[in-house]
Amino acid sequence: MVGSLRAHIFSAFKLGCIISCHYPVGICSSVCVEVPSETEAVQGSRMKLMCISCMKREEVLANTIVKWFYKPEGGQDVAIYEFNNEKRELESPFQGRLEWNGSADMQDVSISVLNISLNDSGIYTCNVTREFLFETHRPIFTSSTLIHLTVMKDAGRDLTALISAIMMYILLVFLTLWLLIEMVYCYRKVSKAEEATQENAKKRKLNCRGWGRGKGRSSSGCYTSGLANL
């Protein structure tokens, strides 16, 4: 259950980016977050293998090459996918079941395995080679991400995960109710203030009716009669 919640979060925040807005200027900037991948999958499902390699702002211009490898238990690494200016599935048992899930800026270089099977359990390696195109030099950066994936026949019931999900929903409901209560309280407060203002205006009008039209003015704001000024 928690895994599905995380999947929704990942899809909502592409690249694991958190959008932060600075007021009152109104400038928004995206912050790359290197989110770890899920390590459990259910047979027959679509499994996204997360691989995020963040860049600094001054390192935007770069040539990026991505290679994915798979290593079964007790076996050797087998190249399964490559991105070098274009997407390319390599000849392997995964051919026809891999899907690119990366971003245009090549910070998210994730892939997905379709119709995953029990035989797909093992270690997946994401190798990123990035050549930065600076004016004076072109340094090369490499990074590797290992994902130890276990494919299960059926979705297991993790008590801790279930409790965490329940607490998350309870917190969401509590915050929603609190917001509604605050809105109702503010509405009533504003309504009472308006009613008090209208009531004071009515009382002032009634008081003014008891006074004649004159040049003088009382402390209540009503004009007094001419005799009262003699």
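In this predicted model, a search of the whole structure for aromatic pairs returns 6 of them. One of these joins Y70 and F94, whose ring centres lie 4.9 Å apart with the planes at 75°, so the arrangement is edge-to-face. The angle exceeds the limit for that class, which is set at over 60 degrees. Y70 belongs to strand β5, residues 62–71, whereas F94 sits in the loop between β7 (87–89) and β8 (98–100); the pair therefore ties together parts that are 24 residues apart in sequence. Y70 and F94 are both buried.

F94 also pairs with Y124. Here the ring centres are 5.8 Å apart and the planes meet at 70°, so this pair too is edge-to-face. The contact links distant parts of the chain, since F94 is in the loop between β7 and β8 and Y124 is in strand β10 (residues 122–132), 30 residues apart. Y124 is buried, as is F94. Through these ring pairs, Y70, F94 and Y124 form a cluster.

Y124 also appears in the largest nonpolar core, which has 24 residues. Together with L49, W68 and I80, Y124 is among the residues that touch the most other members of this core. Several strands contribute: β4 (47–49), β5, β6, β8, β9 (111–113), β10 and β11 (140–152) each provide at least two residues. In soluble globular proteins, nonpolar side chains tend to be buried together.

The surroundings of I80 connect the core with the aromatic cluster. With residues up to four places away in sequence left out, I80 touches W68, F69, Y70, E89, L90, S92, F94, L98, I111 and Y124. This list includes Y70, F94 and Y124, the residues that the ring pairs link into a cluster.

A charged residue, E82, was examined in strand β6, which spans residues 78–84. The relative accessibility of E82 is 15%, so E82 counts as buried, the cut-off being under 20%. Leaving aside neighbours within four places in sequence, E82 is in contact with V66, K67, K87, R88 and L90. With R88, the contact includes a polar one between the side chains, at 2.7 Å. L90 is thus a contact of E82 and is also touched by I80. The C-alpha atoms of E82 and I65 are separated by 7.6 Å, although the two residues are 17 positions apart along the chain.

Terms used
Residues numbered from 1 in each chain as written. Predicted model: local features only at pLDDT ≥ 70, side-chain atom pairs only at ≥ 80, totals over all residues. Heavy atoms only, no water. Helix = DSSP H or I, 4+ residues; strand = E, 2+ residues; numbered from the N terminus. Buried < 20%, exposed > 50% of the residue type's maximum accessible area, 1.4 Å probe, protein only. Contact = heavy atoms within 4.5 Å. Polar contact = N/O pair within 3.5 Å; in protein donor to acceptor, adjacent residues only side chain to side chain. Phe/Tyr/Trp six-rings, centres within 6.5 Å; stacked < 30°, edge-to-face > 60°. Core = buried A, V, L, I, M, F, W, Y, C linked by side-chain atoms within 4.5 Å.
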